[in-house]
Amino acid sequence: MGKEIHTDKTSLLSQWKNRKREVVSNEISKMPDGAIIPLSHGQQRLWFLQQLYPDSPFYNYSETYVFKGVLNEKNLLKSLERVCEDHEILRATYHMTDGKTHIKIASKAEIEVSQYDYSHLSVERARAKSEKTMTSQAKYIFDLAKHPVVLVSLIKIHDTEHIFILTMHHISTDKWSMGLLRNELADNY
């Protein structure tokens, strides 16, 4: 004869209620410094396409923000630096070693901000020059193995109007991530 199976619902419920509960963390642990970080499948595809078409800016992602009113330029740039320090992907470069692609993370953000002051020009002329600057930056050719991986320009049209241009390769950002970056930039500012 077989073992008798006890299926009393109250004992099952009691067992479930009294089980040992483990706290599950939703946090993804950080890779140790110096670890070899492989590219995701999407990153591998973008890396390969950039190698295939090295002179193409097709996978650049540019956003332009117009600030109306008095802008504290120093705070804005400090805010961007803080965001880059907080997010390793904004300090990443992409490499191939022994036939495998991987990411290297710089210990410190290397942000170069090109600043233009067109406030001495008429507003129309300043905006025209700004358009050329935006187009030039959007067409920047990234070398994914070298910094900078975040390209930034700040243009002063006049004392109460500035244009902030942010360009990155799609390997390190997407539309959703840019929304997070904007929010963090605003919070830090």
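## Salt bridges around Glu161

Is Lys68 buried or exposed? Lys68 counts as exposed, because its relative accessibility is 63%. Keep in mind throughout that this is a predicted model. Lys68 pairs up with Glu161 in a salt bridge, and their closest N and O atoms sit 3.8 Å apart. That pair brings together distant parts of the chain, with Lys68 in strand 2 (residues 60-68) and Glu161 in strand 7 (residues 161-169), 93 residues apart. On the Glu161 side things look quite unlike that: Glu161 has 4% relative accessibility, so it counts as buried.

Glu161 has another partner, Arg127, and here the closest N and O atoms are 2.6 Å apart. Arg127 belongs to helix 4 and Glu161 to strand 7, so this salt bridge ties together parts that are 34 residues apart in sequence. Arg127 counts as partly exposed because its relative accessibility is 37%. Put the pieces together and you get a network of salt bridges linking Lys68, Arg127 and Glu161.

## Another pair, and the total

The structure holds 5 salt bridges. One of them joins Lys146 to Asp143, with 3.9 Å between the closest N and O atoms. Lys146 is exposed, since its relative accessibility comes to 52%. Asp143 has a relative accessible area of 38%, so it is partly exposed.

## Arg91, buried without a salt bridge

Now for a charged residue that does things another way. Arg91 sits in the loop between helix 3 (73-86) and strand 3 (92-97). Arg91 is buried but makes no salt bridge, and the nearest side chain of opposite charge, Glu88, is 4.4 Å away. The cut-off for a salt bridge is 4 Å between a side-chain nitrogen of Lys or Arg and a carboxyl oxygen of Asp or Glu.

What does the side chain of Arg91 have close by, then? A polar atom of that side chain lies 2.6 Å from the backbone oxygen of Ala106. Leaving aside residues up to four places away in sequence, Arg91 also touches Cys84, Glu85, Lys104, Ile105, Ala106, Ser107, Lys108, Ala109 and His147.

## Backbone oddities

His147, one of the residues touching Arg91, is worth a look for its backbone too. A cis peptide bond joins His147 to Pro148, with omega at about 5 degrees. Pro148 is part of the loop between helix 4 (123-138) and strand 6 (150-158).

Asp98 is the other one to check. Asp98 isn't a glycine, yet its phi is positive, at about 50 degrees. Asp98 lies in the loop between strand 3 and strand 4 (100-105), and it counts as exposed because its relative accessibility is 76%.

## Helix 2, inside and out

Helix 2 (residues 41-52) includes Phe48. Together with Leu52 and Tyr53, Phe48 forms a nonpolar patch on the surface, with about 350 Å² of accessible area for the three.

Gln50 is in helix 2 as well, but Gln50 counts as buried, since its relative accessibility is 4%. Not counting residues up to four places away in sequence, Gln50 touches Ser56, Ile141, Phe142, Leu144 and His169.

## Helix 5

Asp187 is found in helix 5 (residues 175-188). With a relative accessibility of 68%, Asp187 counts as exposed. Asp187 and Val83 are 104 residues apart in sequence, while their C-alpha atoms are 9.9 Å apart in space.

Notes:
Residues are numbered from 1 along each chain as its sequence is written. This is a predicted model: local features need pLDDT of at least 70, side-chain atom pairs count only at pLDDT 80 or more; totals for chains, interfaces and linings use all residues. Side-chain values use heavy atoms; hydrogens and water are left out. Helices (H or I, at least four residues) and strands (E, at least two) are DSSP runs, numbered from the N terminus. Buried means under 20% relative accessible area, exposed over 50%, partly exposed in between (1.4 Å probe, protein chains only). Lys and Arg count as positive and Asp and Glu as negative; His and the chain ends are not counted. A polar contact is a pair of N or O atoms within 3.5 Å; within protein, one must be able to donate a hydrogen and the other to accept it, and residues adjacent in sequence count only if both atoms are side-chain atoms. Contact means heavy atoms within 4.5 Å. Patches are made of residues with over 30% relative accessible area and no salt bridge: like charges are joined within 9 Å, nonpolar side chains (Val, Leu, Ile, Met, Phe, Trp, Tyr) within 5 Å. Accessible areas come from the Shrake-Rupley method with a 1.4 Å probe; for residues, only the protein chains shown count as cover.
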